[in-house]
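Please open the structure in your viewer and keep a selection panel at hand, since each stop of this tour begins with something to select.

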Amino acid sequence: GVNEKVFYNRNQDYTWDVAFTGGRGKERQQWSHSHRSMFFDELQPELNSKGLSTLFQPHMRDSSEEYCKKLCRAKIWLSTTGPLDIVGTRYFELMASNTTLLVCNRHEQAYDNILEENVHCVMFDTKEELHEKIEYYLNNDEERMKIVNNAYNHALKNHTYNTRADKFLESINEYR
């Protein structure tokens with residue numbers, strides 16, 4: 001979930017076309033590790049050679065406010081599932097920022113009842129598909145923002161801490 005009082009549109013100017021942060025250690029699941037390594041070792045230089053601005057950092061140690069500002073300054077943010085294909089909080093933080101298109105690895109079981117492809121996010125399987133989607137959405141801002149706005153509304157309706165707490169309490173009350 002996400003705290004919408006911390007993660008929201010900070011009205012930051014875009015600094016980067018594409019951004020990614022995260023671990024790349026061997027403790028990561030093999031799929032995630034290989035894609036994260038590909039982002040750092042191959043994708044960033046390729047995007048930079050095309051004149052795109054990028055932020056690729058192994059880890060962020062920013063305050064929540066600085067972290068949110070960073071999220072809001074990228075047009076596209078790459079995210080992958082974590083160990084055991086867990087959808088982390090970054091997905092919801094990006095969605096709540098209402099500024100940045102979430103592009104993530106395609107893993108249908110991990111996203112069931114959480115995200116819908118081409119409605120709340122854009123998904124990819126291969127490096128070639130990822131390149132195509134980055135190029136497409138950087139050149140089609142209206143379509144990018146349509147997905148960004150859908151994701152924002154979806155996050156506020158379904159994925160805030162308060163909404164999740166309410167659903168949890170409803171579930172508990174069913175067993176009383």
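Begin on the surface of this predicted model by selecting Phe168, Leu169 and Ile172, which together make a nonpolar surface patch of about 300 Å². Phe168 has its place in helix 7, residues 161-174, and with a relative accessible area of 53% it counts as exposed, because the cut-off for that class is over 50%. Ile172 also belongs to helix 7, but at 38% relative accessibility Ile172 is classed as partly exposed. Keep Ile172 selected and add Lys70: the two are 102 residues apart in sequence, and their C-alpha atoms are 37 Å apart in space.

Lys70 leads to the next stop, helix 2, where the buried residues to select are Tyr67, Cys68, Lys70, Leu71 and Cys72. If you then display the elements around them, you will find that the buried residues of helix 2 pack against strand 1, strand 2 (54-57), strand 3 (74-79) and helix 3 (89-97).

Now select Arg10, which is found in the segment before strand 1, itself spanning 16-21. Is Arg10 buried or exposed? Its relative accessible area is 14%, so Arg10 falls under the 20% limit and counts as buried. Leaving aside residues up to four places away in sequence, Arg10 touches Glu65, Cys68, Lys69 and Cys72, and of these contacts Cys68 and Cys72 are among the buried residues of helix 2 already on display.

Turn next to the aromatic rings, for which a search of the whole structure finds six pairs. Select Phe7 and Tyr67: their ring centres are 5.5 Å apart and their planes stand at 80°, so this pair is edge-to-face. The pair links distant parts of the chain, with Phe7 in the segment before strand 1 and Tyr67 in helix 2 (residues 64-72), 60 residues apart. Both Phe7 and Tyr67 are buried.

For another pair, select Tyr136 and Tyr137, whose ring centres are 4.9 Å apart with the planes at 85°, so that this arrangement is edge-to-face as well. Tyr136 has a relative accessible area of 35% and is partly exposed, whereas Tyr137, at 9%, is buried. To see rings joined into a group, select Phe20, Phe39, Phe56 and Phe124, which ring pairs link into a cluster. Before leaving the aromatic residues, select Phe92 together with Arg164, since Arg164 lies over the face of the Phe92 ring, at 4.9 Å from its centre.

The remaining stops concern charged side chains, and the structure holds twelve salt bridges. Select Lys127 and Glu42, which form one of them, their closest N and O atoms being 2.7 Å apart. Lys127 lies in helix 5 (residues 127-138) and Glu42 in helix 1 (residues 30-49), so the pair ties together parts that are 85 residues apart in sequence. Both partners are partly exposed, Lys127 at 22% relative accessibility and Glu42 with a relative accessible area of 36%.

Which residue forms a salt bridge with Glu129 at 3.0 Å between the closest N and O atoms? Select Arg106, which is that partner; the pair links distant parts of the chain, because Glu129 lies in helix 5 and Arg106 in the loop between strand 4 (101-105) and helix 4 (108-111), 23 residues apart. Glu129 counts as buried, at 18% relative accessibility.

Stay on Glu129 and add Lys133, because the side chains of these two also meet in a salt bridge, at 3.3 Å from N to O. Glu129 and Lys133 both lie in helix 5, four residues apart, about one turn of the helix. The geometry behind this is general: an α-helix has 3.6 residues a turn, so residues three or four places apart point the same way. Lys133 is buried, with a relative accessible area of 18%.

As a last selection, extend the group to Arg106, Glu117, Asp125, Glu129 and Lys133, which are linked in a network of salt bridges.

How values were computed: Residues are numbered from 1 along each chain as its sequence is written. This is a predicted model: local features need pLDDT of at least 70, side-chain atom pairs count only at pLDDT 80 or more; totals for chains, interfaces and linings use all residues. Side-chain values use heavy atoms; hydrogens and water are left out. Helices (H or I, at least four residues) and strands (E, at least two) are DSSP runs, numbered from the N terminus. Buried means under 20% relative accessible area, exposed over 50%, partly exposed in between (1.4 Å probe, protein chains only). Contact means heavy atoms within 4.5 Å. Patches are made of residues with over 30% relative accessible area and no salt bridge: like charges are joined within 9 Å, nonpolar side chains (Val, Leu, Ile, Met, Phe, Trp, Tyr) within 5 Å. Accessible areas come from the Shrake-Rupley method with a 1.4 Å probe; for residues, only the protein chains shown count as cover. A salt bridge is a side-chain nitrogen of Lys or Arg within 4 Å of a carboxyl oxygen of Asp or Glu. Rings of Phe, Tyr and Trp (its six-membered ring) pair if their centres lie within 6.5 Å; planes under 30 degrees apart count as stacked, over 60 as edge-to-face and the rest as tilted. A charge sits over a ring if NZ of Lys or CZ of Arg is within 6 Å of the ring centre and within 35 degrees of the ring normal.
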